[in-house]
Amino acid sequence: MHELGIVFHIIRSVEEIGRQNGVKRVNAVTLELGEVSGVLEDYLQDCWNWAAAKSDMLRGAKLQVEVIPAKTLCENCGLVYPTVAHGRTCPECGSGKTHLIQGNETMIRDITVPETEEPEASPGDTR
């Protein structure tokens with residue numbers, strides 16, 4: 001189950017970015033997950049819920065997953081086709097000289113933080 005390792009990496013990355021930007025809390029993290037990345041979303045969500053609860057910055061934050069469809073390029077005829085439906089064999093020309101061009105990635109796309117509150121006025125402040 002490599003999902004837990006992926007979640008730990010995401011949390012470390014988000015916490016580091018958060019500290020660099022003065023963020024105290026995160027509401028949600030959006031992850032782009034390739035269709036053939038080998039990551040199981042259900043396991044990923046379970047690992048996220050467990051690990052995020054242990055982080056002051058991420059406690060209660062949601063993990064939103066956007067699936068990136070897998071696409072393969074045929075080097076023989078140039079067709080770009082859906083990988084899952086056809087595998088490594090080009091549906092147009094039957095060539096096996098193909099390679100995956102999209103759908104194996106795992107990337108943080110967005111980090112959503114609470115809207116900042118207006119600081120309280122100090123004595124003598126005439127706003």
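**Exercise 1. The sheet.** Determine which strands form the open sheet, in what order they stand, and how the pairing is to be described.

*Solution.* Step 1: in this predicted model, whose local features need pLDDT of at least 70, whose side-chain atom pairs count only at pLDDT 80 or more, and whose totals for chains, interfaces and linings use all residues, three strands form an open sheet in the order S2-S1-S6, with mixed pairing. Residues are numbered from 1 along each chain as its sequence is written, and side-chain values use heavy atoms, with hydrogens and water left out. Helices (H or I, at least four residues) and strands (E, at least two) are DSSP runs numbered from the N terminus, and two strands pair if DSSP finds at least two bridges between them.

Step 2: strand S2 (62–68) and strand S6 (106–112) are the edge strands, since each pairs on one side only. Neighbouring strands of this sheet are turned by 25 degrees against each other on average, direction ignored; axes are lines fitted to C-alpha atoms, for helices over the stretch in contact, and angles run from 0 to 180 degrees between N-to-C directions.

Step 3: strands of a sheet pair through backbone hydrogen bonds, either parallel or antiparallel. Strand S1 (residues 28–34) pairs with S2 in the parallel sense over seven bridges, and glutamate 32 has glutamate 66 in S2 as its bridge partner.

**Exercise 2. Helices on the sheet.** Establish across which strands helix H1 lies and across which strands helix H2 lies, then place these elements in the chain.

*Solution.* Step 1: helix H1 (residues 3–20) lies across S1 and S6 and runs at about 40 degrees to S6, where contact means heavy atoms within 4.5 Å. Step 2: helix H2 (residues 41–52) lies across S1 and S2, running at about 160 degrees to S2.

Step 3: the protein chain comes to three helices and six strands, and from the N terminus on its elements run α-β-α-β-β-β-α-β-β. Among contacts between residues at least 6 apart in sequence, 69% join residues at least 24 apart.

**Exercise 3. The aromatic pair.** Find the aromatic pair in the structure and classify its geometry.

*Solution.* Step 1: a search of the whole structure yields one aromatic pair, with rings of Phe, Tyr and Trp (its six-membered ring) counted as paired if their centres lie within 6.5 Å, and with planes under 30 degrees apart taken as stacked, over 60 as edge-to-face and the rest as tilted.

Step 2: the ring centres of phenylalanine 8 and tryptophan 50 are 6.2 Å apart and the planes stand at 55 degrees, so the pair is tilted. Because phenylalanine 8 lies in helix H1 and tryptophan 50 in helix H2, the pair ties together parts that are 42 residues apart in sequence.

Step 3: relative accessible area counts as buried under 20%, exposed over 50% and partly exposed in between (1.4 Å probe, protein chains only). Phenylalanine 8, at 34% relative accessibility, is therefore partly exposed, and tryptophan 50, at 44%, is likewise partly exposed.

**Exercise 4. Salt bridges.** Locate the salt bridges of the structure and identify the residues that are linked in a network.

*Solution.* Step 1: the structure holds three salt bridges, each being a side-chain nitrogen of Lys or Arg within 4 Å of a carboxyl oxygen of Asp or Glu.

Step 2: aspartate 56 and arginine 59 meet through their side chains at 3.1 Å, N to O; aspartate 56 is exposed at 57% relative accessibility, whereas arginine 59 is partly exposed at 38%.

Step 3: the side chains of arginine 109 and glutamate 66 form a salt bridge at 2.5 Å, N to O, and this pair links distant parts of the chain, with arginine 109 in strand S6 and glutamate 66 in strand S2, 43 residues apart. Arginine 109 also meets aspartate 110 in a salt bridge at 2.5 Å, N to O, and Glu66, Arg109 and Asp110 are thereby linked in a network of salt bridges.

Step 4: the members of this network are partly exposed, with relative accessibilities of 38% for arginine 109, 32% for glutamate 66 and 30% for aspartate 110.

**Exercise 5. Cysteines.** Decide how many disulfides the structure holds, and describe the surroundings of cysteine 90 and cysteine 93.

*Solution.* Step 1: the structure holds zero disulfides, a disulfide being a pair of cysteine sulfur atoms within 2.5 Å. Step 2: cysteine 90 is in no disulfide, and its nearest cysteine sulfur, that of cysteine 77, is 3.7 Å away; at 3% relative accessibility, cysteine 90 counts as buried. Step 3: cysteine 93 is also in no disulfide, with the sulfur of cysteine 74 as the nearest cysteine sulfur at 3.6 Å, and cysteine 93 counts as partly exposed at 35% relative accessibility.
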